[in-house]
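Work through the exercises below with the sequence and the model open. Each task is followed by a stepwise solution.

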Amino acid sequence: MDDNPFFETWDTPFGMPPFDHIRPEHFPPAFERGMEEQLSEIAAILAAPVPASFADTIEALERSGRLLERTSRVFHNLDASDTNPALEQIARDYAPRLAQHQTRIALDAGLFARIADLYARRDTLGLAPDQLRLLERHHLRLVRAGALLDSGQKARMAAINQRLATLHTLFGQNVLHDEREWQLVLDAADLDGLPQFARAVAAQAAEERGLAGKYVITLARSSIEPFLTFSSRRDLRRTAHQAWTARGTHPGAADNTPIIREIIGLRGEQARLLGYDNFAAYRLDDSMAKNDATVEQLLLRVWDPAKAKAREERADLEKIARADGLNEPIEPWDWRYYSERVRRARYDIDEAEVKPYFVLDNMVRAAFDSAGRLFGLTFTPRPDLPVYHPDVRAWEVRDRSGAHVGIFLHDNFARAGKRSGAWSSRYRDQHTLDAPVTPIVVNNNNFARSNAAGGEPTLLSFDDAETLFHEFGHGLHGLLSRVRYPSQSGTAVRRDFVEFPSQIFEHWMSVPENLRQYARHYQTGEPIPEPLLRRLLAARNFNEGFATVEYTASALIDLELHRDPAPENLDPERFEREFLARYEVPREIGLRHRPAHFQHLFAGGGYAAGYYAYLWAEVLDADGFAAFAEAGDAFDPALAARLKDIYSAGDTRDPMELYRAFRGHDPDIAALLRQRGLGASEGQADA
Ligand SMILES: [Zn+2]
């Protein structure tokens, strides 16, 4: 294995992974050596003199595991964006091994003793504020991992972590399996109602699957949502919608139902070992929200107004449906179709008329330009850099002085082997521990590609464009990071704060001056006509009842699943049925993510009992963006400079403190309710 790139220094520009040399077989030996190296680094910390110092313990810990980190970052990113059977097998093999390794370090009694000793003396060590917070966070992390448990309990914690890692991996692979397996192959005669752009995308998907001359609908959001919105074939909409919502539920090898049951049970057991009533209580104890009552209060604050608004929306849909001769209730596969018809009638907006103005490349430019005007960044294409797939574009990011800031990778298209959804990740984090290290950030989207060979540009929906800006906001959080220690870098903040930088950035997508400049017709280059722009902005809150119900129902079921009093006996299907009945979730809307494919909760632990974070952060982003509206300038330099401080701070400061320093006061929930058209309300958020 002498030629294993993970064992060599990368002489690529900016420390880019040498993707062209990395093969699946390089990962197992790199994982093995990476774990060994980190264990000997930990042993060296334990052998250092007593009493411990910040440098020989905390800083040494921050320095440890570089090879493992580098290997893991490349592996997990490739496995998410461009996987194959070899990588999937390695994921199954190494998920439990890596979890075991992490747990072993987290539960090492000697390491905890040194950190606990430092923690007890923390006020006498002369630490800078970022160092003090780093020490406190490491101490808390180990306590929350089980450092205070007895040896029998620790062994059980370790076994559970290992098993959970396997279950998370299987869950994600099962969803991908169901998404890959299903496609709806159509003939030209089946395309009634589909506008030209949707036909082009379906033709391109067919072409990529060797079905030239046909049309293919897939379960990628950017394929199925337009289909459900425009197809006048109710039978086909129903088929497609049922396949979409059935992901992860098919009996057999890829069934996620038993996996959910086991995950929920094991998480509950861990929480009880650590002295909490349930997993939600454990998870939320280390969040801005602090406890499940606060989260529930926020979710319920929007739940009834959202349902009331959705009822009004449904009445509008029914009117059009009846005029169409549909004398049955509106079904989940009807909502998007009829709501598009209402939107067209009420606002004179036709998605097919809007979409030609949202060219992917122009929206990317709009995002870059906004980051330039707000934060002084510039983006230069670097086609010379190695990338892992031909779809990926690499950009060099510089600041106002021309200094290198980092590398931004954009991976925008849906394809087989790529996880669904949109996400931001990093290949390398910014820090300055020993020498300045610049970040390498990646944004993944799943946009349906247009006919590339025919020279047609990829067109986005308004929502797609917002998603692009959202992930780019996370990207900026990584790129603008200015911290000393790796574990405080960029997005390493509390989960219910991490969506603030991404969600507030979404607002710049629809700033009128951006739309006037960048929303240009793909054929004529004409800017979006003013009347259409006005109608588009006027329709912003249209269908918000549906969107809020769909999201909030998912956040509520997440909370309820993770605070169930008897999680080991949980029957996921029955639980879901009873949940829908208890909360009176409108059946024609349902959940945005059903448990069986809710990857936020079960393909990893990150958003478990944490899906509320989007709404939590929306309290901040609605209130935060209102500051720019009040200033009368979406690019107000003083506000932008203060906002930049949030993007740069990583986890060096308390999030609410950061927010107040930017805004000058606590967030006010009224801005969120206005933003969603749910009626203004008095009072401060509990956040
Ligand atoms: Zn996000």
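**Exercise 1.** State how the donor residues of the zinc ion are spaced in sequence, and place the site in the chain.

Solution. Step 1: the spacing of the donor residues of the zinc ion reads H-x3-H-x24-E. Step 2: this pattern corresponds to His 470 (NE2), His 474 (NE2) and Glu 499 (OE), which coordinate the zinc ion at 2.1 Å. Donors are N, O and S atoms within 2.8 Å of the metal (3.2 Å for Na, K and Ca), and water is not among the atoms, so sites may look incomplete. Step 3: His 470 lies in helix H17 (residues 462-479) and Glu 499 in helix H18 (residues 495-506), so the pair, 29 residues apart, links distant parts of the chain. Helices (H or I, at least four residues) and strands (E, at least two) are DSSP runs, numbered from the N terminus. Step 4: His 470 and Glu 499 are both buried (under 20% relative accessible area, with a 1.4 Å probe and protein chains only).

The model is predicted: local features need pLDDT of at least 70, side-chain atom pairs count only at pLDDT 80 or more, and totals for chains, interfaces and linings use all residues. Residues are numbered from 1 along each chain as its sequence is written, and side-chain values use heavy atoms, with hydrogens and water left out.

**Exercise 2.** Which elements give two or more residues to the lining of the largest cavity?

Solution. Step 1: a cavity is a set of points on a 1 Å grid over the protein atoms alone where a 1.4 Å probe fits but cannot get out, and lining residues have an atom within 4 Å of a point. Step 2: the largest cavity holds about 70 Å³ of space, the volume being the space filled by probe spheres set on the points, with grid points joined across faces, edges and corners. Step 3: its lining includes Leu 194, Phe 197, Val 216, Phe 227 and Lys 355. Step 4: helix H8 (196-208), strand S2 (215-217) and helix H9 (221-230) are the elements that give two or more residues.

**Exercise 3.** Which helix gives the most to the lining of the second largest cavity?

Solution. Step 1: the second largest cavity has a volume of about 50 Å³. Step 2: helix H11 (257-273) and helix H22 (572-582) each supply at least two lining residues. Step 3: H22 gives the most, with three residues. Step 4: among the residues lining this cavity are Thr 257, Ile 260, Pro 572, Glu 573, Glu 576 and Arg 594.

Conventions:
Buried means under 20% relative accessible area, exposed over 50%, partly exposed in between (1.4 Å probe, protein chains only). On a 1 Å grid over the protein atoms alone, a cavity is a set of points where a 1.4 Å probe fits but cannot get out, and a pocket is an open set with protein on both sides within 12 Å along at least five of seven lines; lining residues have an atom within 4 Å of a point.
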